[in-house]
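Thank you all for coming; I would like to take a few minutes to go through one model with you. Please have a look at the chain on the screen before I begin.

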Amino acid sequence: AREVALRLRREVRAETGLAVSVGIAPVKMVAKIASDSAKPDGLVEVKPGEVRAFLDPLPVARLWGVGPVAEARLYRLGLRTIGDLARLDAKRAHAWLDDWGVQMARLARGEDVRDVEPYREAVSMSEENTFASDVSDRALLEAAILAHADSVARRLRKSGEQGRTVVLKLKLARRVAAGPRGYPLLTRRSSLPRPTDDGDTIARVARELLRNSGLAEPVRLLGVGVTNLEAANPEQLALGEMPPAEKPQPTSEERARLLAWVNRALDEAALTHAGDPGPVVL
């Protein structure tokens with residue numbers, strides 16, 4: 001596994017210049033925590049006999065399923081580390097925290113029976129990036145929204161899917177706690193009257209979400225995504241504003257064919273001009 005991880009990191013860096021952090025462990029949850037511990041550019045391997053030694057000193061919030069509310073509840077019970085939770089016997093865990101407590105105590109001991117499912121059907125598509133420095137400029141945020149929306153739309157079209165709900169993710173620059181979850185996260189979403197795979201539509205809705213978010217401080221991460229995916233249905237597409245009523249109006253099939261052609265041309269142009277700094281004119 002370590003050789004695979006090293007090769008993966010090496011090949012991704014060679015092809016894209018991006019850093020990849022990898023966690024290796026006997027079970028899914030521990031591998032995820034190990035990969036978080038390896039960030040921003042490392043590899044952490046937890047061998048079978050090392051799971052408890054690795055988990056025990058970590059804050060209890062590092063466990064899957066422990067958000068701010070659950071963390072506060074565990075703190076009130078004196079459970080501040082994963083080790084504290086792991087040492088609870090089933091009877092006391094159930095008395096204090098019901099069935100959820102029993103399950104979390106098992107996870108704290110590294111007992112995770114869930115399988116890795118690498119080929120499960122996608123329920124959403126998204127793209128996000130962490131800025132090199134904190135961003136307050138709305139124009140820069142909207143430019144990032146447009147880039148992400150176009151990328152997500154291309155992936156939707158490639159997979160033959162459309163999304164009905166647009167999601168905007170904003171991670172604020174203000175740190176409120178230690179660790180990767182220490183930054184406040186704002187998530188806003190809006191559902192469309194019909195599903196879409198059009199980048200302009202996704203960007204327009206995401207920009208509206210940004211304007212209505214009440215954002216009043218710098219952002220360190222921005223993401224755009226779509227969820228509620230379904231198979232593409234060309235007849236559901238629209239091209240924004242309809243022409244005046246006195247003019248002949250295209251049918252929904254004609255509008256669908258035009259928009260599909262435009263998006264296909266954009267996708268092909270993006271491939272043709274990859275790495276070309278010059279403009280693409282259609």
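I will go from the overall make-up of the chain to its sheet, then to a pair of helices, and finally to the salt bridges.

Let me say at the outset that this is a predicted model, so that everything I quote is computed from predicted coordinates. The chain has 282 residues, of which 37% count as buried, and its secondary structure comes to nine helices and six strands. If we take the contacts in the chain with a separation of 6 or more, residues 24 or more positions apart account for 61% of them.

Turning to the sheet, in which order do its four strands lie? The order is β3-β6-β4-β5, in an open sheet with antiparallel pairing, and the edges are formed by β3, residues 124-135, and β5, residues 185-196, each of which pairs on one side only. Direction ignored, neighbouring strands of this sheet are turned against each other by 15 degrees on average. To look at one pairing in detail, β4, residues 161-172, is joined to β5 over eight bridges in the antiparallel sense, and within that pairing threonine 165 has serine 191 of β5 as its bridge partner. Across β3, β4, β5 and β6 lies helix α7, which runs at about 155 degrees to β3.

Next, a pair of helices. Helix α4, residues 68-76, packs with helix α6, residues 90-108, at an angle of about 145 degrees, and their axes are 12 Å apart. The crossing of these two helices, α4 and α6, is left-handed. On the α4 side the contact is made by Ala70, Arg73 and Leu74, and on the α6 side by Trp96, Leu97 and Trp100. By residue class, the contact of α4 with α6 divides into five nonpolar residues, no polar ones and one charged.

That brings me to the salt bridges, of which the count comes to 15, and I will take three of them in turn. In helix α1, residues 2-16, glutamate 11 and arginine 7 lie four residues apart, about one turn of the helix, and their side chains meet in a salt bridge at 3.9 Å, N to O. Are these two buried or exposed? Neither extreme applies, because glutamate 11 has a relative accessible area of 48% and is partly exposed, and arginine 7, at 40%, is partly exposed as well.

The second salt bridge joins the side chains of aspartate 56 and arginine 87, at 4.0 Å, N to O. This pair links distant parts of the chain, since aspartate 56 sits in the loop between α3 and α4 while arginine 87 sits in the loop between α5 and α6, 31 residues apart. Arginine 87 counts as exposed because its relative accessibility is 51%, and the cut-off for that class is over 50%. Both residues also belong to a network of salt bridges that links Arg52, Asp56, Asp84 and Arg87.

The third is between arginine 211 and glutamate 142, whose side chains meet at 3.8 Å, N to O. Here too distant parts of the chain are linked, with arginine 211 in helix α8, residues 199-211, and glutamate 142 in helix α7, residues 138-159, 69 residues apart. Arginine 211 is partly exposed at a relative accessible area of 48%, and glutamate 142, at 25%, is also counted as partly exposed.

Methods: Residues numbered from 1 in each chain as written. Predicted model: local features only at pLDDT ≥ 70, side-chain atom pairs only at ≥ 80, totals over all residues. Heavy atoms only, no water. Axes fitted to C-alpha atoms, helices over the stretch in contact; angles between N-to-C directions. Left-handed = near helix turned anticlockwise from the far one by under 90°. Contact = heavy atoms within 4.5 Å. Nonpolar A, V, L, I, M, F, W, Y, C, P; charged D, E, K, R; others polar. Buried < 20%, exposed > 50% of the residue type's maximum accessible area, 1.4 Å probe, protein only. Pairing = 2+ DSSP bridges.
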